[in-house]
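Reader: Could you walk me through some contacts and the pocket of this protein, with the reasoning behind each answer?

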Amino acid sequence: MGKDAFLNKIAGFQRLLLDTNTIIYFLQGISPYDTILNPLFGLFEQQNLEAVISVITETELLVGPLKEDNKEALTMVKLFLHEFPGLKVIPISRQIGQMAAAIRAKTNLRLPDALIIATAKTAGCGAIIGNDHAWSKINTAVAAMPEVILLDLYVEG
């Protein structure tokens, strides 16, 4: 569909939750995702849009650089997590945990995924940006979860 379709899709939202793969694609400049993520992160930088991530995503982002003992990548991830304008990291609360249990009971998603989705809902995110095709197959009404916007639908590659 392309960059314009993606930007039109997110235009109605004020706050978006970013799944881990979205941030990895952005930080590593992975093509073809960079064509839609660079403008998206530009909106976050200009604070025209709020970005939210779960502490689960923060953890997932740190694992690779720590496992590989890649100090440069670790520094880049930490800098992003602490300094990127408009980015808010949401810790796991009891409310999020209880909501994740309900989501997991209805969908059979893995616990980390259910926690991320519950974070989006609790933080008032209108949509989740990511590339987890299993999430997009969930009936959002049944799971009472925000819309899932798959990156793969908007890139050509």
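Reader: Is Asp69 buried or exposed?

Author: This is a predicted model, and the value for Asp69 is computed from it. Asp69 has a relative accessible area of 55%. The cut-off for exposed is over 50%, so Asp69 counts as exposed.

Reader: Which residue does Asp69 meet in a salt bridge?

Author: The contact runs from N to O at 3.1 Å, and a salt bridge needs these atoms within 4 Å. The partner has a relative accessible area of 56%, so it is exposed. That partner is Lys71.

Reader: Thanks! How many salt bridges does the whole structure hold?

Author: Besides the pair of Asp69 and Lys71, there is one between the side chains of Asp113 and Arg110, at 3.6 Å from N to O. Another joins Lys9 and Glu147. A search of the whole structure gives a total of four.

Reader: Which residue of the pair Asp113 and Arg110 is buried?

Author: Arg110 has a relative accessible area of 51%, so it is exposed. Buried means under 20%, and the residue with 9% relative accessibility is Asp113.

Reader: How far apart in sequence are Lys9 and Glu147?

Author: Their side chains meet at 2.4 Å, N to O, in a salt bridge. Lys9 is partly exposed at 32% relative accessibility, and Glu147 is partly exposed at 31%. Lys9 sits in helix H1 and Glu147 in strand S5, so this pair links distant parts of the chain, and the separation is 138 residues.

Reader: Now to the rings: what kind of aromatic pair do Phe6 and Tyr154 form?

Author: Nine aromatic pairs are found in the structure. In the one formed by Phe6 and Tyr154, the centres are 5.5 Å apart and the planes make an angle of 65°. An angle over 60 degrees sets the class, so the pair is edge-to-face.

Reader: Why does the pair of Phe6 and Tyr154 tie together parts of the chain that are apart in sequence?

Author: Both Phe6 and Tyr154 are buried. Phe6 belongs to helix H1 (residues 3-10), while Tyr154 lies in the segment after strand S5 (147-150), so the parts tied together are 148 residues apart.

Reader: And what kind of pair do Tyr25 and Tyr33 form?

Author: Tyr25 and Tyr33 are both buried. Their centres are 4.1 Å apart, with 10° between the planes. Planes under 30 degrees apart fall in one class, so this pair is stacked.

Reader: Which strands does S1 pair with?

Author: Strand S1 (residues 15-18) runs parallel to residues 50-54, with three bridges between them; here Leu16 stands opposite Ala51. Three bridges also join S1 to residues 127-130, again in parallel, where Leu17 stands opposite Ile128. The partners are S2 and S4.

Reader: Last topic: which helix gives the most to the lining of the largest pocket?

Author: The largest pocket has a volume of about 190 Å³. Helix H2 (20-27), helix H4 (55-67) and helix H5 (71-83) each give two or more residues to its lining. The top contribution is four residues, and it comes from H4.

Reader: How many residues in that lining are nonpolar, polar and charged?

Author: The lining includes Ile24, Leu27, Met76 and Val77, and Gln28, Glu60 and Glu68 are also among its residues. By class, the counts are seven nonpolar, three polar and two charged.

Conventions
Residues are numbered from 1 along each chain as its sequence is written. This is a predicted model: local features need pLDDT of at least 70, side-chain atom pairs count only at pLDDT 80 or more; totals for chains, interfaces and linings use all residues. Side-chain values use heavy atoms; hydrogens and water are left out. On a 1 Å grid over the protein atoms alone, a cavity is a set of points where a 1.4 Å probe fits but cannot get out, and a pocket is an open set with protein on both sides within 12 Å along at least five of seven lines; lining residues have an atom within 4 Å of a point. Grid points are joined across faces, edges and corners, and a volume is the space filled by probe spheres set on the points. Ala, Val, Leu, Ile, Met, Phe, Trp, Tyr, Cys and Pro count as nonpolar, Asp, Glu, Lys and Arg as charged, and the others, Gly among them, as polar. Two strands pair if DSSP finds at least two bridges between them. Rings of Phe, Tyr and Trp (its six-membered ring) pair if their centres lie within 6.5 Å; planes under 30 degrees apart count as stacked, over 60 as edge-to-face and the rest as tilted. Buried means under 20% relative accessible area, exposed over 50%, partly exposed in between (1.4 Å probe, protein chains only).
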